[in-house]
Every structure is written in structure tokens, then in C-alpha cells.
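The following paragraphs lead through the structure shown below, moving from strands and helices to aromatic side chains.

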Amino acid sequence: MIPVTKPYMPSRERLDKYLDGIFEREWLTNNGELVQQLTRRLEDYLGVENLLLVANGTLALQISYRALDVNTSTSFLQPEAITTPFSFIATASSLKWDGVKPVFADIDPETWCLNPERIVEKITQNTTAIVPVHVFGNACDLGEIDTIANMHNLKVIYDASHAFGVKYNGESILKYGDAATLSFHATKLFHTGEGGAIIFKHKYHFERAKMMINFGITGPECIDELGINAKMSELQAAMGLSVLDEIESNFRLRQVIWNYYALELDGLVQFQKLHTNLFYNTAYFPILFETEKNLLKVANLLKSKNIHARRYFYPSLEQIDFLGSDDNQTISIDISKRILCLPIYSSLSKADQAMIIKIIKNSV
Ligand SMILES: *Cc1c(COP(=O)(O)O)cnc(C)c1O
């Protein structure tokens, strides 16, 4: 079976070394040695400050909303956040879960990220934030979103779950926004089994979030604020450190796979238009067909050979009943019907990839 992705499995000897340390210290969670080590190593690797490790990428979003007061509107009405319908469900459902109404704005037909002009149209007196997604690791319109946020006094939280290692103008893309969140779920490029991180622009938001992920506890007999449990454990950090130790070879292998698809499929299907000045991380290989019918034909042919390409992201999120949206985002609906993510993971063999390419070539 060829899945759309496989979790990266680091060497057992390497992981065992980190686990030996855990057994020596007998310390399993609550900002242990390995969580501290992984924090420093990631800050260094990504070139960022104020990085907070958390239990998963969804909590990374939720803690960011709370730390930045996105769930408190100045009016008495429900706070709203403007977000993209072309994403994984967690981007919008995390808002709703926290009492913030997700208000969808449409995407750009080529970059597949939020269209800044559509964002502006959705701003009301209840809007507290913009939650854009660097979808598939492409950069949003960072400058324009920044300008809009400043003009309307809105917070910006980038869901950067796909953007580990992505650089814009030579610098980490995670430096943009009041906060950027990462998911370290098993299927992501860099992972800790389950896990995530938040990168805050300001130290005081980082400090507040750090307290929030541990029940709001600030000292042995001191509870200062409403919090929750969103801590990363030592076992997760051990996996993360092992994966990080091998990240360069993982990237190299993925790049070869990514380049092979790009070369062979050029002109047959449409690709995502990546921003200029972007250093891409090869996290995904999405292709856009001319029609949904073509997509279904190819997806079924692949499935008959036990190759499981996936329809990321389908359906467009405003179509989901419980998210209660009142208007259709026509570009997102159209793109989400025609897009397919091809298998990409470091152990995908050249022969298997050649078979995938052949099936696509033969049917479009
Ligand atoms: C994976 C993902 C999440 C959720 O992360 P978890 O670690 O699975 O909670 C959120 N947003 C996007 C865009 C994702 O791809």
C-alpha cells in the first residue's frame, strides 16, 4: 500500500539514547530536560525566538487565541475571526470551539492562500483577528495582511502547520504575525508523534501562553489565570529530537521526490503558484486537475493499484454545517473539488513514484 504520507521513523538507537536519559532522570513531563532541549534546538534551527512547545497543533491554535485575547470582543457580540475555507478542519473548528465565529473569506486561485481583498470585505466591528494558513507551505500575502491588521487593529495568527522550515526572503516565515503555530503530528514533515508549537512575536504573549498551557499555575500555591493542560511530554520531545537529528537527510530525499513529480507532470496538471522569494519545504505535492471528473478518474485508477492519494482539502470548510457560514466561497469550492495530494515521504521508492506518474500521464 502506498499512502499519501508516512510518518518519518528515526533510527531506534538514536531514540533509545534519548529514552535512556528519561529513565535515568525519571522525569516524564512538566518542562523536562528534553522539552527544554528541543525548544532550544528548534529555535536555533528555525531562527526564531519565543517558541513554546505544546501537546498538539490544535491546542497551539487555541492557546494562541487565548493568549492574544482573540475570544474577547470589544462589543457585547460574539467575536469573529476571518479565516480561510481551504484548510484542514482544525483551523476553523478551533475558533468555533473557543467561542469565536469563523468568518470565511475566499482564496487566491493560484496561491490557494487567503486573498487580502476578500479579507477586508469581511471585517466588522466584532472582528478580533485574522487566521490565515500558509497552505501546503506556500506563503500568504504577508505584507498586505500585516497592513490590513494594523489598519483595523486586528491580531494575526498564522496557522503554519505546513510551513516547518519554510523561509521567506531568507528568514523564517514563522516570524510573521502576532503568533504562528506549527503541528508536529505524525504525518507532518517534522513530528513528535503528536505535538505542536507556537512562535510568538512578543515575549509577554509567550510568557502568558506558557502559564496557560500548565493550568495557569505560576508557583506552588499560585494560580494566576484560566489555563488548560497543553504541555508536551518528554516522550514526545524524545521523538522530536530524534527526527530533528535526521532532518537534513529527510529534506534531501523529499526534494528528489518533489523534483521528479515537478519535472514529469509539468504541463499536464496545474501546480500551486509558490511565492517568489520562498524557500519551499517540499511538505506536499498537490496537483490541480481541469475538472473534478478528471480528478476522480485518476484517484480511482491510483486506488485500484493500492495508491492512496488524498483530496486535501475537501470539502471547502464553509460547506460544513456546524461551522454555519452564510455565503459560498466560490474559488475555494472550485479548487477543493479539483485538487489531489500525491504521495510524498522520504522512503517512497523511485519505482513506486514512476508508477504513480505513469498512471497520471496515461489518463490526462
Ligand atoms: C495538521 C493541521 C492542524 C492540526 O494539528 P494537530 O497537531 O493534528 O492538532 C491544524 N491546521 C492545519 C492546517 C493542519 O494541517
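T181 is placed in strand β8, which spans residues 179–183. The model is a predicted one, and in it T181 counts as buried, because its relative accessibility is 0% and the cut-off for burial is under 20%. Apart from neighbours within four places in sequence, T181 is in contact with A60, L61 and S64, with the run I157, Y158, D159, A160 and S161, and with A197 and I198.

The strand that carries T181 belongs to an open sheet of seven strands, ordered β1-β9-β8-β5-β4-β2-β3, in which the pairing is mixed. The edges are taken by β1 and β3 (101–104); each has a single partner strand, so one side of each is left without a neighbour in the sheet. From one strand to the next, the twist averages 25°. Within this sheet, β4 and β5 (residues 155–159) run parallel and are joined by two bridges. One residue to locate here is A129, whose bridge partner in β5 is K155.

Helices pack on this sheet. Helix α3 touches β1, β4, β5, β8 and β9, and its direction makes about 165° with that of β8. Helix α6 lies across β4 and β5 and runs at about 150° to β5. Helix α7 (residues 203–212) has as its buried residues H205, F206, A209, M211 and M212. These buried residues pack against strands β1 (51–54), β9 (196–200) and β10 (217–219), and also against helix α3 (57–67).

Another helical contact involves α2 (residues 33–46) and α8 (residues 234–245), whose axes come within 8 Å and cross at roughly 35°. The crossing of these two helices is left-handed. On the α2 side, the residues that meet α8 are E33, L34, V35, Q37, L38, R41, L42 and Y45; on the α8 side, they are E234, A237, A238, G240, L241, L244 and D245.

A further open sheet has three strands in the order β7-β6-β12, with antiparallel pairing. Here β7 (171–172) and β12 stand at the edges with a single partner strand each, so one side of each has no neighbour in the sheet. Strand β6 (residues 167–168) pairs with β12 over two bridges in the antiparallel sense, and the bridge partner of Y168 in β12 is L278. Y168 is also touched by Y176, a residue of the loop between β7 and β8. Leaving out residues up to four places away in sequence, Y176 touches L142 and Y158 as well. Is Y176 buried, partly exposed or exposed? Y176 counts as partly exposed, because its relative accessibility is 27% and that class lies between the limits of 20% and 50%. The C-alpha atom of Y176 is separated by 20 Å from that of R41, a residue 135 places away along the chain.

The aromatic side chains offer another view of the fold. In the whole structure, a search finds 15 aromatic pairs. One of them is formed by F86 and F136, which meet edge-to-face at 5.9 Å centre to centre with 80° between the planes. F86 lies in the loop between β2 (80–83) and α4 (89–97), and F136 lies in the loop between β4 (127–131) and α6 (142–152), so the pair ties together parts that are 50 residues apart in sequence. Both F86 and F136 are buried.

W258 and F285 form another edge-to-face pair, with 5.3 Å between the centres and 65° between the planes. This pair links distant parts of the chain, since W258 is in helix α9 (residues 247–265) and F285 is in the loop between β12 (278–279) and β13 (286–288), 27 residues apart. W258 is buried, with a relative accessible area of 19%, and F285 counts as buried at 2% relative accessibility.

F86 and F136 also appear in one aromatic cluster together with W112, Y284, Y312 and F313. Charged side chains are placed over aromatic rings too. The charged end of R311 sits over the ring of Y314, 4.0 Å from its centre, and the charged end of K188 sits over the ring of F88, 5.9 Å from its centre.

Conventions: Residues numbered from 1 in each chain as written. Predicted model: local features only at pLDDT ≥ 70, side-chain atom pairs only at ≥ 80, totals over all residues. Heavy atoms only, no water. Phe/Tyr/Trp six-rings, centres within 6.5 Å; stacked < 30°, edge-to-face > 60°. Helix = DSSP H or I, 4+ residues; strand = E, 2+ residues; numbered from the N terminus. Buried < 20%, exposed > 50% of the residue type's maximum accessible area, 1.4 Å probe, protein only. Lys NZ or Arg CZ within 6 Å of the ring centre and 35° of its normal. Contact = heavy atoms within 4.5 Å. Pairing = 2+ DSSP bridges. Axes fitted to C-alpha atoms, helices over the stretch in contact; angles between N-to-C directions. Left-handed = near helix turned anticlockwise from the far one by under 90°.
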